[in-house]
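Student: Could you take me through one part of this model at close range? I would like one connected account rather than a list.

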Amino acid sequence: MKKIAFIIYRVLLAFGLLGILFIPFSFQYFTFQSKITTFLFEKSIVFITNQLSWIHITNSEISSDSTALYVLLVLLFGSAIIIVSVTSFIKSIQTKESLLIKSIQLIMTYYLSAVLLKYGCDKLFKVQFYMPEPNILYTPLGMLEKDILFWSTMGTSYSYSIFMGLMEIIPALMLLHNKTRVLGLLLLSGVMTNVVFINFSFDISVKLYATFLLFLCWLLLVPFWYKLMQFFILNQSTVLCVFKGREILSSTTRRYGIKAIAISYILMESFFPYLQNGCYNDDNSPRNPLHGSYEVTKIEKSLASDASINLKRIFIHRQNYFIVQYADDSMEDFSLEVHPLLHQFILTNQNGETHIVDYNYSETSKILELKSVDLGISITSKSIPWRELPLLKPLFHWTVDEI
């Protein structure tokens, strides 16, 4: 029984290592990972999905929660079984099996630290849960999807974003020191369990990757389960034999050199982008001067125009989108290019159709005028002070009497 359990543990370790190598993650300075994954697996994924009619795939890109990612995980798990089966017959590998397992565990530990530190910094500096865009703020609550609603709600609280960031940063840093490693894994398991349930409950499309990170946490805790049970459940004193780097590399110089390089990369990946741009709160990051929301006050169209005129509001999104809200609160978005010198917007809809719109904005009256010759329509709109909405105000009450 113990032998079977150990074989399963080896397969899971191999799967975890392959996942680290090939599941795409948006590292800032390690961008070729996704290219390697695409090169090695994309054709196999397309071939498999073409053979199985019950698997529906619209895009072969291996991205978050895509069908291609599900197939990739199956391929990686199958590869892990093959690798463990083959290496079981190679004596040179078997003699160093303990060393290999500890090396994989160490790689997983540093990988978890890198990913969670990056996620933590994105929350700490309010990049992940950013301030809701004006078009979201003016969308009726019932028309929002659950993932957008959750994301937007989190984005309204700077203090909670900092708290969530620290809850990932602290255990991520604890993983880098062998004496605090197990405690860090325990804390991280709790944090990631919460994240996984949030992703599933609010239909946020990072379900697979978050589950994979939780899987790594649990996998690294497996060797300590019995002793943790002794301490927490049986109330018995015990000692955790945490593996150390010297068990893998006897040379102190090499060991500290590799550790210094790894930690430097992890810290650079997490903190350097913010040190570089000097912005430590995304709410205050620079935006398009015309970014915001505008109430449509007047619409004129030519006799030959058949353009829809039931516009209610106009929004200019920070990520270069031009969004219109109709009278029934439905919205349509266009890709936006701004040419300030020509006072022109170039709008591209989802069908690839392009429209040129002349604009004029008065800083004094806060009026934005738009005119499109090809659509035969002119629109006058006025800027709305969307940042003064109650949702964005830093209100706090110690007692209900203050409300």
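Tutor: What follows is a close look at one strand and its partners, with a few other spots afterwards. Please keep in mind that this is a predicted model.

Let's start with strand 3, which covers residues 321-326. Five of its six residues are buried, so strand 3 is largely enclosed by the rest of the structure. On one side of our account is strand 2, residues 311-317, which runs antiparallel to strand 3 and is joined to it by six bridges. Within this pairing, isoleucine 314 stands opposite valine 324 of strand 3. The two strands form a hairpin with three residues between them, and asparagine 320 deserves a pause here. Asparagine 320 sits in the loop between strand 2 and strand 3 and has a positive phi of about 60°, although it is not a glycine. With a relative accessibility of 40%, asparagine 320 counts as partly exposed, because that class lies between the 20% and 50% cut-offs.

Now follow the chain onward to strand 4, residues 331-339. Strand 3 pairs with strand 4 too, again in the antiparallel sense, over five bridges. Here isoleucine 323 of strand 3 stands opposite aspartate 333 of strand 4. This hairpin has four residues between its strands, and in the turn aspartate 329 has a positive phi of about 75°.

Further along the chain, have a look at histidine 355, which lies in strand 6, residues 354-362. Its relative accessibility is 16%, so histidine 355 counts as buried, the limit being under 20%. The side chain of histidine 355 makes a polar contact of 3.0 Å with the side chain of aspartate 374. Leaving aside neighbours within four places in sequence, histidine 355 is in contact with Asp374, Leu375, Phe345, Ile346 and Leu347.

For another positive phi, turn back to aspartate 203, in the loop between helix 9 (181-201) and helix 10. Aspartate 203 is not a glycine either, yet its phi is positive, at about 55°. At 48% relative accessibility, aspartate 203 counts as partly exposed.

Helix 10 makes a good last stop. Helix 1 (residues 2-22) packs against helix 10 (residues 207-221) at an angle of about 140°, and their axes are 11 Å apart. The two helices are therefore oblique to each other, and helix 1 passes helix 10 in a left-handed crossing. From helix 1, the contact involves Tyr9, Leu12, Leu13, Phe15, Gly16, Gly19 and Ile20, while helix 10 contributes Phe212, Phe215, Leu216 and Leu219.

Note on methods. Residues numbered from 1 in each chain as written. Predicted model: local features only at pLDDT ≥ 70, side-chain atom pairs only at ≥ 80, totals over all residues. Heavy atoms only, no water. Buried < 20%, exposed > 50% of the residue type's maximum accessible area, 1.4 Å probe, protein only. Polar contact = N/O pair within 3.5 Å; in protein donor to acceptor, adjacent residues only side chain to side chain. Contact = heavy atoms within 4.5 Å. Pairing = 2+ DSSP bridges. Axes fitted to C-alpha atoms, helices over the stretch in contact; angles between N-to-C directions. Parallel < 35°, antiparallel > 145°, perpendicular 65-115°, else oblique. Left-handed = near helix turned anticlockwise from the far one by under 90°.
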